[in-house]
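Got your viewer open? Let's take a walk through this one, selecting a few residues at each stop.

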Amino acid sequence: GPDRAAARSRLGLAPDQLAVLVFGSIDERKGTLRLAAALAGDARLARYVLVVAGAQTAGLRAAAASGAPAQLRSQRRLIELDRTLDDAEQTLVFAAADVAWLGYERHTFMSGVLVIAGYSALPVVVTDFGETGAFVRRHGMGLLIDANGTESVRDALLALTDAAVRRELGSRSRAAVAEHTPQRMKQALIDAIAASRSDLAS
């Protein structure tokens, strides 16, 4: 895969910035607006850049034209790849990222994005719900957030400004996916890749 520094420079990230990645087919259930609100509303999170990588629904695109996403955009803290990513672009965004966002709404099943994050040794921020939340809790590979509001999101992202915390959770993330990938997670990954090809990835 691409060298991390090269990947980050391709996306226009400064060395001290932290990239939080939202990946897949981007709809309202991905929690992107909540994440943007947390990032825009707290000066302690100013190092974070939101990378939204995947085709956005028309509804989300309209919602993201104003409010917190617009604020981040004006601060050059929002990078959008609003299209279905090819393999090289997918590899690039995961290589460049510091944190993977899985703060999805009402997502019951295992997320294929979690598997890719694990292979990329990324810490995850995940809603405390469903199979994905349970897996992250069991393996201590990320930080769990409430289903609503921005306070728990801010707390998680603040904790992840510490490089040692990111490293520790990232190594657990890689180990969890490498050692404990049940068949169903492998299937989730296959499904996610297939779905991202047809623009429906969760």
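What percentage of the 202 residues of the protein chain count as buried? The answer is 51%. Bear in mind as you click around that this is a predicted model.

**Stop 1: the whole chain.** Switch to cartoon view and you should find ten helices and six strands in the protein chain. Among contacts with a separation of 6 or more, 71% come from residues 24 or more positions apart.

**Stop 2: the aromatic pair.** Select Phe23 and Phe94 and show their side chains; they form an aromatic pair, and the structure holds one such pair. Their rings sit edge-to-face, 5.1 Å centre to centre with 65° between the planes. That arrangement counts as edge-to-face because the angle is over 60 degrees. Now trace the chain from each ring: Phe23 belongs to strand β1 (residues 18-23) and Phe94 to helix α5 (residues 87-96), so the pair links parts of the chain 71 residues apart. Are these two rings buried or exposed? Phe23 has 6% relative accessibility, so it counts as buried, and Phe94, at 4%, is buried too.

**Stop 3: helix α5.** Keep Phe94 on and add the other buried residues of α5: Glu89, Gln90, Leu92, Val93 and Ala96. Next, colour what covers them, which includes α1 (4-11), β1, β2 (48-53), β3 (78-81) and α6 (112-119). Then slide to the start of α5 and pick Asp86: one of its side-chain oxygens reaches to within 3.2 Å of the backbone nitrogen of Ala88.

**Stop 4: a buried aspartate.** Jump to Asp42, in the loop between α2 (32-40) and β2. With a relative accessible area of 10%, Asp42 is buried. What does its side chain contact? Show Arg154 as sticks: the two side chains make a polar contact at 3.5 Å.

**Stop 5: the largest pocket.** Turn on a surface and look for the largest pocket, with a volume of about 180 Å³. To find the spot, select its lining: Arg4, Ala97, Asp98, Ser120, Ala121, Leu122, Pro123, Ala163, Arg166, Arg167, Gly170 and Ser171. Which helix gives the most to that lining? Helix α9 (residues 163-180) does, with five residues. Colour the lining by class and you get five nonpolar, three polar and four charged residues.

Technical notes: Residues numbered from 1 in each chain as written. Predicted model: local features only at pLDDT ≥ 70, side-chain atom pairs only at ≥ 80, totals over all residues. Heavy atoms only, no water. Phe/Tyr/Trp six-rings, centres within 6.5 Å; stacked < 30°, edge-to-face > 60°. Helix = DSSP H or I, 4+ residues; strand = E, 2+ residues; numbered from the N terminus. Buried < 20%, exposed > 50% of the residue type's maximum accessible area, 1.4 Å probe, protein only. Contact = heavy atoms within 4.5 Å. Polar contact = N/O pair within 3.5 Å; in protein donor to acceptor, adjacent residues only side chain to side chain. 1 Å grid on protein atoms, 1.4 Å probe; cavity = no way out; pocket = protein on both sides within 12 Å on 5 of 7 lines; lining within 4 Å. Points joined across faces, edges and corners; volume = space filled by probe spheres on them. Nonpolar A, V, L, I, M, F, W, Y, C, P; charged D, E, K, R; others polar.
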